[in-house]
Amino acid sequence: MKNLMKHSYSYILLMAIVTFFACQTEDDGGGNAATTIVPSFELTISEQNPLTINVVNTSTGANGLTSFWQFRQGGPLQQDVSGSATHTYGASGEYQVSLIIQGPNGNVEISDTVIVDDGVVVTPPVANLKDATNSFSIGMAVQASRLTDEHDEILKSDFNNLTAEFEMKMNIMYPSQGTYDFTAADAIVNYGVANDMDIHGHTLIWHNSVPDWVENFTGTDEEFETMIEDYITTVVTRYSGTIRSWDVVNEAIEDNTGALRNSVFRTRMGDDYIAKCYQFARNADPNILLFYNDYNITFDTNKQATMFSIVDDLMAQGLIDGVGAQMHIDIYFPSASQIQSVVNGTVSRGLKMHFSELDVRVNPGNDISQLTEARAIEQRNKVREVVEIYDAIPNQNKFALTVWGLRDSETWLVDFWGQPDWPLLYNNDFTTKPAHDGFIEALSN
Ligand code: G3I
């Protein structure tokens, strides 16, 4: 499948529903996020008249604000008085349909394209992931050495949120006491800012990315805690205004037992190290979103229970805004209902859900030595299922769906499991796989 699909305009009898969303956080003047205007609208093509579109304003955070529709046929702005509108086109052409919300700090506008061709309105087929929806960010795990050439072209076309796969972890950014190295982190942040992409910070505290000097810290427990507070404060403050969300603690819970891991952080700072680290991050920047991130929290019920217990404790202190479910899955497992369970627990708490590290193994049983068409189709179906589950989340609880690597040859999974696999959305030659189509299909119905 080539990256750039040819637009073939044909009459679409089915209701083509496209949801568009951009996000503007308004502050209350005191630098604190007061309200978030989350504009979005749904566009359908009338089944009665192929030249008529119906639009429904599905924005949140815009109560009491004035909104307008713009259909770009030379007519005036049309005030949105009922939350919906219809518009019938005439002449053939390509038109932007826009929703404009008059926010306290200026207008917030989002648009989509419709094409009138041969007497019918169509919405052009979507080729790029980030164009398939704006109700959540489409994320990619990146490395500073892979921001050029074909990587650069695809990152810009498909994604609007970046996570450092390993270069924003403590072992990279704080290699020796008192000596920081932000070279790679800055490169990723600068690339994201230059290309209007959000950056998700991953991850401040993780037992698998502890520099040796921290693991073998020779000072007192109090000095250790002060060092961790200084580290979190230094990193979060450095990226204030560019990184607006962080995985503060990653994978603090043991598999199966649901017990708290015995990391150096727990040993030196006590069982309440988690709350302490979230407090350090909240103190450093009250405007960023703080996430807890872990794996297997869809089906490992003990782990999920402990996770939500930790989350509830953090919520009681106002220290958490979202949950990251990593989604390192395969074509057979976990089930849709297991995935839905972590979504339900997160949404019921009013938190944001991040599917933070999606990859979908096609060879968990190590029974194939190359990617077969059958397994590629099963992967497309699983990706479509996961994206449909994510897209069904209420807008206010959406955040991002992040894929953990671009090309199959760049996945961490092959080294980790010691067997071949093809878990991502792009072939090694940067062409899209059926899984990429499945991602878009999930957002097109
Ligand atoms: O790029 C350097 C290379 O120049 C150097 O020669 C080589 C040997 O030192 O290291 C290479 O960097 C490695 C990097 O992956 C890129 O391949 C690091 O050593 C290695 O530690 C790093 O592993 C990453 C791992 O987290 C630890 O940070 C993986 O890429 C990354 O996929 C993995 O991601 C984690 C998430 O953060 C948390 N959830 C689980 C997930 C998988 O373990």
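I take a contact to mean heavy atoms within 4.5 Å. The model I am reading is predicted.

**Entry: contacts.** I looked at contacts with a separation of 6 or more. In the chain, 70% of them join residues 24 or more positions apart.

**Entry: overall build.** I went through the secondary structure and found 12 helices and 20 strands. Next I looked up the radius of gyration, which is 23 Å. The globule rule gives 22 Å for 445 residues, so the chain is as compact as a globular protein of that length. I also boxed the C-alpha atoms along the principal axes and got roughly 75 × 60 × 40 Å.

**Entry: inside and surface.** How much of the chain is buried? I find 53% of the 445 residues buried. The chain exposes about 18300 Å². Carbon and sulfur atoms supply 48% of that area.

**Entry: charges.** I noted 25 positive and 59 negative side chains. The centres of the two sets lie 3 Å apart.

**Entry: aromatic rings.** I found 17 aromatic pairs in the structure. I picked out Phe182 and Tyr239, which pair edge-to-face. Their ring centres are 6.0 Å apart, and the planes meet at 85°. Which parts of the chain does this pair link? Phe182 sits in the loop between helix H2 (170-173) and helix H3 (183-194). Tyr239 sits in the loop between helix H5 (221-238) and strand S15 (243-250). The two residues are 57 residues apart, so I log this as a link between distant parts of the chain. Both Phe182 and Tyr239 are buried. I then followed the ring pairs outward. They link Tyr174, Tyr180, Phe182, Trp213, Tyr231 and Tyr239 into a cluster.

Key: Residues are numbered from 1 along each chain as its sequence is written. This is a predicted model: local features need pLDDT of at least 70, side-chain atom pairs count only at pLDDT 80 or more; totals for chains, interfaces and linings use all residues. Side-chain values use heavy atoms; hydrogens and water are left out. Helices (H or I, at least four residues) and strands (E, at least two) are DSSP runs, numbered from the N terminus. The radius of gyration is taken over C-alpha atoms; the globule rule is 2.2 Å times the number of residues to the power 0.38. Buried means under 20% relative accessible area, exposed over 50%, partly exposed in between (1.4 Å probe, protein chains only). Accessible areas come from the Shrake-Rupley method with a 1.4 Å probe; for residues, only the protein chains shown count as cover. Lys and Arg count as positive and Asp and Glu as negative; His and the chain ends are not counted. The place of a charge is taken as NZ of Lys, CZ of Arg, CG of Asp or CD of Glu. Rings of Phe, Tyr and Trp (its six-membered ring) pair if their centres lie within 6.5 Å; planes under 30 degrees apart count as stacked, over 60 as edge-to-face and the rest as tilted.
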